[in-house]
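Open the model in your viewer and keep the sequence panel beside it. The stops below are meant to be selected one after another.

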Amino acid sequence: MTRTKVKTFTFNSVAENTYILYNSTGEAAIIDCGCMDRREEEELLRFVEAEQLNVQLLLNTHLHFDHAWGNGFAAKAFDLPVRAHRAEVEEMPSPAVQLGAFGMGGTMDEPEVQYIEAGDVLTLGNVTIQALFVPGHSPGHLAFYCPQAGAVFTGDALFAGDVGRTDLWGGSYERLKKSIRTELLPLPDDTVVYPGHGPTSTIGYERSNNPYLD
């Protein structure tokens, strides 16, 4: 049986969670690469090299700047396109423009983005990653559900005891709550929630205890 594992890094000045999902054959996906400087890039590369991983997918739940800071680095390092929903490109300012909007200095590489559609199923060997459409925090926000790992990567849609902010480009609180209720809460109770910031939770716990989902 192929085992799946998750490695968590907390990167950049906004304490964003970057994840590597990988299996026992070494095939891997990087989700929301948020490296903002060379030290963080080297930390991620050391892990990939130590585990002898073959990175095959660069996935973005959404393209807010803190989740996309390392996309240019990762695209070059692994010779892969970044993958995200088209609305993240077509209905929002680019991550580099967002930096300026938040009054933050610096520049960002903006690599090619290949589009993922809602309902797409991506593969890492015999491990599947299902793209769930959960807009509301951003217009094309996705969550990535891996049943073999019992894990869902929720970006900034669902947190432990909280939900994402909805005052940015294309945000909608009602749309976000509907997205979570229809796409995330039906997952098995023991599914681990890996959010874009902060600690993990489970779907069962959030369904019963998250005060924003009443």
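Select residues 38–50, helix α1, in this predicted model. Helix α1 lies across β1, β2, β3 (27–31) and β4 (54–59). Its direction is at about 165° to that of β1. Next select residues 71–78, helix α3, which lies across β3, β4 and β5 (82–84). Helix α3 runs at about 150° to β4.

Now show the strands under these helices. In what order do the strands of the open sheet come? The order is β1-β2-β3-β4-β5-β6, six strands with mixed pairing. β1 and β6 (113–115) are at the edges; each has a single partner strand, so one side of each has no neighbour in the sheet. From one strand to the next, the twist averages 30°.

Zoom in on the edge pair β1 and β2. These two strands are antiparallel and are joined over 8 bridges. For a landmark, pick K5 and look across to Y22 in β2, which stands opposite.

Colour the nonpolar side chains next. The largest nonpolar core has 20 residues, and those touching the most other members are I20, I30, L44, V55, L58 and F78. At least two residues of this core come from each of β1, β2, β3, α1, β4 and α3. Select I30 and display its surroundings: beyond four places in sequence, I30 touches T18, Y19, I20, L44, V55, L57, L58, L59 and F78. Another core, of 18 residues, lies apart from the largest one; among its members are Y19, V127, F144 and F153. As background, nonpolar side chains in soluble globular proteins tend to be buried together.

Go back to the first two strands and select A15. A15 sits in the loop between β1 (4–11) and β2 (16–23). Is A15 buried or partly exposed? A15 counts as partly exposed, because its relative accessibility is 39%, and the buried class ends at 20%. Outside its neighbours within four places in sequence, A15 is in contact with T10, G196 and H197. To relate this loop to the core, draw a distance from A15 to L44: the C-alpha atoms are 15 Å apart, with the two positions 29 residues apart in sequence numbering.

Move on to N17, in strand β2. N17 has a relative accessible area of 3% and is therefore buried. What does the side chain of N17 reach at 2.9 Å? It is the backbone oxygen of G198. The N17 side chain also makes a polar contact with the side chain of Y19, at 3.3 Å. Sequence neighbours within four places aside, the contacts of N17 include T8, I31, D32, P195 and H197.

For the last stop, select residues 142–146, strand β9. All 5 of its 5 residues are buried. Which residues of β9 lie on each face? L142, F144 and C146 are on one side, with A143 and Y145 on the other, and both faces are covered.

Extend the selection to the partners of β9. Strand β8 (residues 127–133) runs antiparallel to β9 and is joined to it by 4 bridges; L132 stands opposite A143. Strand β10 (residues 151–155) also pairs with β9 in the antiparallel sense, over 3 bridges, and here Y145 faces V152. β9 and β10 form a hairpin with 4 residues between them. Finish at G150 in that turn, where phi is positive, at about 60°.

Conventions: Residues numbered from 1 in each chain as written. Predicted model: local features only at pLDDT ≥ 70, side-chain atom pairs only at ≥ 80, totals over all residues. Heavy atoms only, no water. Buried < 20%, exposed > 50% of the residue type's maximum accessible area, 1.4 Å probe, protein only. Contact = heavy atoms within 4.5 Å. Polar contact = N/O pair within 3.5 Å; in protein donor to acceptor, adjacent residues only side chain to side chain. Pairing = 2+ DSSP bridges. Axes fitted to C-alpha atoms, helices over the stretch in contact; angles between N-to-C directions. Core = buried A, V, L, I, M, F, W, Y, C linked by side-chain atoms within 4.5 Å.
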